[in-house]
Amino acid sequence: MGCFAMKHQLGIFIIFLFASFCCSFVSADARVDYNPGVKSDTVFVTYRPDPDGPLKYTYIVGDYDPASVDGDTVCDCDRLVSWLRVRPMALSTNMLYDCLLVPNIGIRTSFAGRYTVVADWMATWLNDSRHHYYRIYGGDLDLSYRIGGADRTTNPFAGHHIGVYASIVYYDLQRGVSYRGVMSAKYNYAAGLSYTWSLPVARRFNIDFSIGIGYMWGKFKRHTPIDDHDVWLSTHRRSWFGPTRASVSLVWLIGSDTYNSKKGDDRR
């Protein structure tokens, strides 16, 4: 259980890195000069860790003269708040993995009108005392470009996309005491080109059909149960070029201004 918890933490950490990466797109817009000037509709919030101590942080919505504030950090969050409010975002799950009892989640965002970044993570860890092993975890990172249609403020996740992807996976599979098992030696990897067709089906939902063709590589081990132990038999190198991933995903549009106006139409 401790190992499984650690893998979950790794997945959460990867999603955190992805969120940080998305926020970096607006880091430059969120900064202002130290003397932005005074504006009458300014609202500011201060944080004081010690009731008797000085203010530590001051967050500004609008413009404000920092010389009049007893704080050591000033940030104009007007543009940042606006960016977060309208940023196209979505969550997804690959229903093919769900049917195979492999829980998974994906998060995506769009930038520059036509580009989409997707990060996915999956994990399952099932086993019993009779050497039935069903252990899989791994993730994907995909950068795609929407093709076709005009550059307009529509739902950027709908339509046809081509892109590049990279994947990492660990697995340990065995059907019981009468069968040999197969386990990846650390991780196996894949990278290649992807194609996705995202079909709007409801105001807040799309269904994505995606396939990836590329190169997979890594090592795997064969093992067999003897008494109460799994005994290693051999190690092999995996090298494969062709389809390396497929998905039929349910996508939930969560951006406040990102939705489909009607079935078959994309609108943000």
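Good morning. I begin with a term: a residue is called buried when its relative accessible area is under 20%. The structure before you is a predicted model, and my subject today is its salt bridges. Side chains of opposite charge can pair when their charged atoms come close. Searching the whole structure yields four such salt bridges.

Let us start with arginine 108 and aspartate 208. Their closest N and O atoms lie 2.7 Å apart in a salt bridge. Arginine 108 sits in strand β5, residues 104-111, while aspartate 208 belongs to strand β11, residues 205-226; the two are 100 residues apart, so the pair links distant parts of the chain. Are these two residues buried or exposed? Arginine 108 and aspartate 208 are both buried.

I turn next to aspartate 172 and arginine 135, whose side chains form a salt bridge with an N to O distance of 3.2 Å. Here strand β8 (residues 159-175) supplies aspartate 172, and strand β7 (residues 132-147) supplies arginine 135, with their positions 37 residues apart in the numbering. Both aspartate 172 and arginine 135 are buried.

Strand β7 also holds aspartate 140, which pairs with arginine 245 of strand β12, residues 229-253, at 105 residues apart. The N to O distance in this salt bridge is 3.8 Å. Why does aspartate 140 count as buried? Its relative accessibility is 18%, and the limit is 20%. Arginine 245 is buried as well, because its relative accessible area is 14%.

Finally, this pair does not stand alone: Asp140, Asp142 and Arg245 are linked in a network of salt bridges. Thank you for your attention.

Conventions: Residues are numbered from 1 along each chain as its sequence is written. This is a predicted model: local features need pLDDT of at least 70, side-chain atom pairs count only at pLDDT 80 or more; totals for chains, interfaces and linings use all residues. Side-chain values use heavy atoms; hydrogens and water are left out. Helices (H or I, at least four residues) and strands (E, at least two) are DSSP runs, numbered from the N terminus. Buried means under 20% relative accessible area, exposed over 50%, partly exposed in between (1.4 Å probe, protein chains only).
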